[in-house]
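Hi there,

Here is the structure I promised to pass on. Have a look through it first, and my notes follow below.

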Protein chains: 4
Amino acid sequence: MKIAVIHGSTRENGNTEYLTYHAIPKEKGTHIYLRNHFVQPIIDERHDPQGFHHVEDDHEKLITQMLEHDIIVFATPIYWYSMSGPMKLFIDRWSQIMKTPKFSHFREELKHKQAYLIAVGGDNPRVKGLPLVQQFNYICQFYGMTFSGYVIGKASRPGEMKNDHAALEAATLLLPPLL
Amino acid sequence: MKIAVIHGSTRENGNTEYLTYHAIPKEKGTHIYLRNHFVQPIIDERHDPQGFHHVEDDHEKLITQMLEHDIIVFATPIYWYSMSGPMKLFIDRWSQIMKTPKFSHFREELKHKQAYLIAVGGDNPRVKGLPLVQQFNYICQFYGMTFSGYVIGKASRPGEMKNDHAALEAATLLLPPLL
Amino acid sequence: MKIAVIHGSTRENGNTEYLTYHAIPKEKGTHIYLRNHFVQPIIDERHDPQGFHHVEDDHEKLITQMLEHDIIVFATPIYWYSMSGPMKLFIDRWSQIMKTPKFSHFREELKHKQAYLIAVGGDNPRVKGLPLVQQFNYICQFYGMTFSGYVIGKASRPGEMKNDHAALEAATLLLPPLL
Amino acid sequence: MKIAVIHGSTRENGNTEYLTYHAIPKEKGTHIYLRNHFVQPIIDERHDPQGFHHVEDDHEKLITQMLEHDIIVFATPIYWYSMSGPMKLFIDRWSQIMKTPKFSHFREELKHKQAYLIAVGGDNPRVKGLPLVQQFNYICQFYGMTFSGYVIGKASRPGEMKNDHAALEAATLLLPPLL
């Protein structure tokens, strides 16, 4: 079982990363940091006669890499009660991927994958982060992907994540031990 | 009462716009189309010693314009069960605005404004769009802004919005008639 | 299409009823007022060797009546952000119905029905009533029943419902006009 | 810090109890089993000229007992995606308590208490139980009570709870260790 972690943080070594490494240590998975890649916002051309225009950025490369794994962990700080902008841009573009001939297998492949969500916020995230969890669940449902679990951590200032012992413990138990 | 409408659609004259004009006709408010402006994703530098770097884009101009109004209507298509990428980028950057000296009054000003949400999606949006409503509510709570109402429309293909009579009717009743 | 309305109010002619009659006038459906019937709380005996004990109350009679209709409207005041106690007792006992031989067709029959929710609350119900909507959606999903729509009204004191024009209008549009 | 646990299960030694004892062992708190007490459904008489009729049951006694503690843990199985009927009846009646002269301090007292939620369900409870969490949060907000945490366990058949290691671990970490 190969694990890919999609990191949506814009800050290096931040709280979300800290929590995420408790679930998937750096050497146990392929860690993809969206901040190091260029992804354009989607332009909705689903209904254009000519379809989507090709976009020059890193999105297709990232999708290709993601699809090589069995387990996909989405690790995002909570920005304004939902996923970070970079994570949103990355996922929005899936609408284009589904219409891209070379990714015609995209939806079918996701059906066989497991998804996890790791999210960290500062403002009562264990309650106010729940709509984000529900949205990830809907995304997984759309693709028939298994939503296997999530952990929500509470932290705001740098380094604060280490104080949320319950979340750290939950993170270590998030993925099945055999992995 | 001056009304600003922030449009998050990436497609011109799409379903979300169609529904939105039932609530706020073109001539009744200031309609801002984010797709016509350039807004960079936030980089979280809240905790950097030097603070946020200045960003060369249209965000400050848009915020200035938004603040000149009493009522702010957020009109967004539902992309993957949450707001569109452009809308997310626009709101994410509020974290930077709050740290920008010339916008030191930002949070205080929002406290006196009313917000509305208009959202349109194709996949059972009246249920699957509810987390998005909850997130907008949290955003409003954070700023002490009044969340005065929302309408969710169901549409996917171009032109389909005109069939959701209940949503169109709800949109016409969304803002108080005196406006 | 025969319509049954299950009323969960404990007060006669209250706000929830007022809103509900805008959707389904008294003469257009079978109106069942749970407050006029005796329904015991469930005792979870699903896993008892001898199964559920027979309960002497009106529940089976109500279920029989409900099943004679094609559309089921659940009309409940919002008590503490969820359905009223009487409505909860009525639905909780469905777990027993599913294990009752004479109702072995229960789940299959619900699959062919449409459900609507009408809910009225006093404390920001259009936002704080959303978890209730989500729960009804899950109930419908469990049974494969179509969750066709909902209306949330805002009212607390007797008579106040008549002021929520948007909800009254939405109620009149809730069911398809052909009914 | 005195802890009261309100058990909403209708089955003795069920999965919810099993999980709950990992958070609050039997000897560490006052365990109140609603199934052993008689609580009538509320009749909404808030707006009656004569107010609420006195109800002959155990509710006031239970409230008195609850108020003698600093921490209140609500432990409920998830019935149809929300709290159990007995738990709902118990909480619905708080509306009456608030109008009962001898409990005029009720709302003020809750303001100083901490609440926890422990919930167990069989159908994807970590996602489908989230509306229940949100409702508890709203209840706590209403009273100004601190909603200090929650754990959701997955179990359906008797004994199954012991397999949800992550939830059991989370339960042991739910309350602060000093208690």
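Two cavities of 30 Å³ or more turn up in the structure; a cavity here is a set of points on a 1 Å grid over the protein atoms alone where a 1.4 Å probe fits but cannot get out. Please keep in mind that this is a predicted model, where local features need pLDDT of at least 70, side-chain atom pairs count only at pLDDT 80 or more, and totals for linings use all residues. Residues are numbered from 1 along each chain as its sequence is written, and chains are lettered from A in the order in which they are written.

The largest cavity has a volume (the space filled by probe spheres set on the points) of about 50 Å³. Its lining residues, those with an atom within 4 Å of a point, are B:His54, B:Val55, B:His59, B:Glu60, B:Arg93, B:Gln96, B:Ile97 and B:Thr100. Helix H2 (59-67) and helix H4 (94-97) of chain B each give two or more of them; helices are DSSP runs of H or I with at least four residues, and strands are E runs with at least two.

The second largest cavity, about 40 Å³, is lined by D:His54, D:Val55, D:His59, D:Glu60, D:Arg93, D:Gln96 and D:Ile97.

One helix also caught my eye. Seven of the nine residues of helix H1 (residues 15-23) of chain B are buried, so this helix is largely enclosed by the rest of the structure; buried means under 20% relative accessible area with a 1.4 Å probe, protein chains only. Among the buried ones are B:Leu19, B:Tyr21 and B:Ala23.

Best wishes

Notes
Heavy atoms only, no water. Buried < 20%, exposed > 50% of the residue type's maximum accessible area, 1.4 Å probe, protein only. 1 Å grid on protein atoms, 1.4 Å probe; cavity = no way out; pocket = protein on both sides within 12 Å on 5 of 7 lines; lining within 4 Å.
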